[in-house]
Amino acid sequence: MRAPISRLLGLGTAAVVAGAITFGSGPAVGVTATDPGTATPTPSAPAPSSPTQPATTATTAPGTTAPETAAEPPAPESTDPAAAPSGVDQLSIAEMDRTGNHTMGAGIAAHAGASHVTTASPDALAVGGASAQAFSAASAARAGGPPPGRVQGFDISAWQPSVNFLQAYRNGARFVYVKATEGTSYVSSTYKQQYATAKQRNLYRGGYVYAQPSQASGAATANYFFKHGGQWSKDGKTLPPLLDIEYGSAAQGTCYGKSWSSMRSWIKDFNRTVVAKTGRYPAIYTTTDWWKRCTNNSNQFSKNPLFVAIYPVKNFTTPGTLGRSWSKWTFWQWAASGTLPGDQDVYRNDITYLKRFASRTS
């Protein structure tokens with residue numbers, strides 16, 4: 001899962017973020033008036049030129065593209081120290097497309113015209129290790145977040161191979177989503193270790209799958225997730241599996257060549273498989289704009305917890321307009337980097353409600 005705007009544009013500076021597109025309450029690109037399955041896919045806009053975007057060198061993507069293949073050591077692309085702040089890494093979206101290993105939100109960033117996704121270590125950011133509860137709405141806006149009064153968390157993948165979960169907990173994190181698989185062709189080499197360590201550090205945790213609807217059916221995608229490490233257990237510490245579904249690449253098309261009805265059917269197919277395995281409906285990570293474009297703003301998925309992606313944030317009390325399936329959001333990815341590893345997320349209520357949410361069995 002990775003990337004709306006400060007991640008969305010793949011850049012970490014406030015000056016660049018100020019001109020970025022916001023998905024959810026007012027997408028810069030209008031909602032399509034025709035069924036995407038009958039329209040010609042429009043390639044993503046060319047990547048914006050920016051003095052803060054460093055030149056990069058290709059690297060081997062973290063994880064494996066199949067469980068039988070030996071994994072290369074995970075390593076994000078190198079950066080030009082003169083062009084990027086200390087602690088900042090630039091991850092090439094083209095490399096993610098080539099290897100079939102995307103961070104959460106990479107498709108959102110590409111759709112916005114970015115060529116890279118930026119990750120930053122906490123000490124590279126302006127905000128210190130303060131918890132969300134310590135910020136008022138006004139101070140959060142001045143400091144750049146986090147949204148006040150929410151439980152903090154983050155999401156990671158093999159592109160963050162060395163996560164200090166203990167420090168993340170000390171900095172206020174109480175939950176994490178970890179990438180397990182992508183489509184039916186990629187398995188994260190770091191998933192099992194990250195998933196187990198998160199529990200050891202008293203974090204509520206869940207696994208996520210990056211959807212590739214043009215690659216396989218929803219059921220096949222879910223079964224691949226479960227076969228290769230994805231799991232759910234009734235231990236009171238496990239979040240429901242998460243479906244990361246976002247914009248396809250320029251070659252695939254925004255909606256992966258699927259019509260509104262076929263996309264809705266694909267998600268239902270994924271749903272049925274997860275519910276049959278776990279008894280719980282999977283959470284759905286997406287943007288309101290994508291939901292409108294690719295499901296015709298469907299209202300058929302209200303049982304799925306919503307993990308909405310939107311930033312930069314001007315109003316830290318709400319992520320804005322949601323897709324018609326939801327009257328409220330459950331998780332909100334509000335930034336691409338901050339005091340925690342990976343993307344910066346929040347749960348909508350306090351820790352008592354998060355505990356109840358994780359303890360649910362349906």
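## Trp-329 and its surroundings

Trp-329 is buried, with a relative accessible area of 6%. Keep in mind that this is a predicted model. Next to it in this picture is Trp-332, also buried, at a relative accessible area of 1%. What kind of pair do the rings of Trp-329 and Trp-332 make? Their centres are 5.6 Å apart and the planes sit at 75°, so the pair counts as edge-to-face.

Trp-329 has a charged partner too: Arg-348 lies over the face of its ring, 5.3 Å from the ring centre.

## More rings

The structure holds 17 aromatic pairs. One of them joins Trp-291 and Trp-326, with 4.8 Å from centre to centre and 55° between the planes, which makes the pair tilted. Trp-291 belongs to helix α10 (residues 288-295), while Trp-326 sits in the loop between β9 (306-309) and β10 (331-335), so this pair ties together parts that are 35 residues apart in sequence. Are these two rings buried or exposed? Trp-291 is buried, with a relative accessible area of 0%, and Trp-326 is buried as well, at 10%.

Then there's a cluster. Ring pairs link Phe-175, Tyr-177, Tyr-285, Phe-307, Phe-331, Tyr-347 and Phe-357. One of these, Phe-357, also has a charge over its ring: the charged end of Arg-280 sits 4.9 Å from the ring centre.

## The nonpolar cores

As a rule, nonpolar side chains in soluble globular proteins tend to be buried together. Here, the largest nonpolar core has 66 residues, and those with the most contacts inside it are Phe-154, Leu-239, Ile-245 and Ile-267. Which element gives this core its largest share? That would be β4, with six residues.

Leu-239 is a handy place to look around. Leaving out residues up to four places away in sequence, Leu-239 touches a list of residues including Phe-175, Tyr-177, Phe-331 and Phe-357, and those four are also in the ring cluster. Among the other residues that Leu-239 touches are Val-176, Tyr-204, Trp-232 and Leu-354. A second, separate core has ten residues, including Leu-91, Ile-93, Ala-106 and Trp-159.

## Helix α7

Helix α7 covers residues 191-200, and its buried residues are Tyr-191, Gln-194, Tyr-195, Thr-197 and Ala-198. What do these buried residues pack against? They pack against β3 (151-156), α6 (165-170), β4 (173-182) and β6 (204-210). After α7 comes Asn-202, with a positive phi near 65°.

## Tyr-311 in its loop

Tyr-311 lies in the loop between β9 and β10, and it counts as buried at 0% relative accessibility. Tyr-311 and Ala-335 are 24 residues apart in sequence, yet their C-alpha atoms are 6.0 Å apart in space. The side chain of Tyr-311 also has a polar atom 3.4 Å from the backbone nitrogen of Ala-336.

## Thr-278 at the end of α9

Helix α9 spans residues 260-278 and includes Thr-278. Thr-278 is buried, with a relative accessible area of 8%. Which residues does Thr-278 contact, leaving aside its neighbours within four places in sequence? They are Phe-226, Trp-232, Pro-241 and Thr-361. Of these, Trp-232 is also touched by Leu-239.

Key:
Residues numbered from 1 in each chain as written. Predicted model: local features only at pLDDT ≥ 70, side-chain atom pairs only at ≥ 80, totals over all residues. Heavy atoms only, no water. Helix = DSSP H or I, 4+ residues; strand = E, 2+ residues; numbered from the N terminus. Buried < 20%, exposed > 50% of the residue type's maximum accessible area, 1.4 Å probe, protein only. Contact = heavy atoms within 4.5 Å. Phe/Tyr/Trp six-rings, centres within 6.5 Å; stacked < 30°, edge-to-face > 60°. Lys NZ or Arg CZ within 6 Å of the ring centre and 35° of its normal. Polar contact = N/O pair within 3.5 Å; in protein donor to acceptor, adjacent residues only side chain to side chain. Core = buried A, V, L, I, M, F, W, Y, C linked by side-chain atoms within 4.5 Å.
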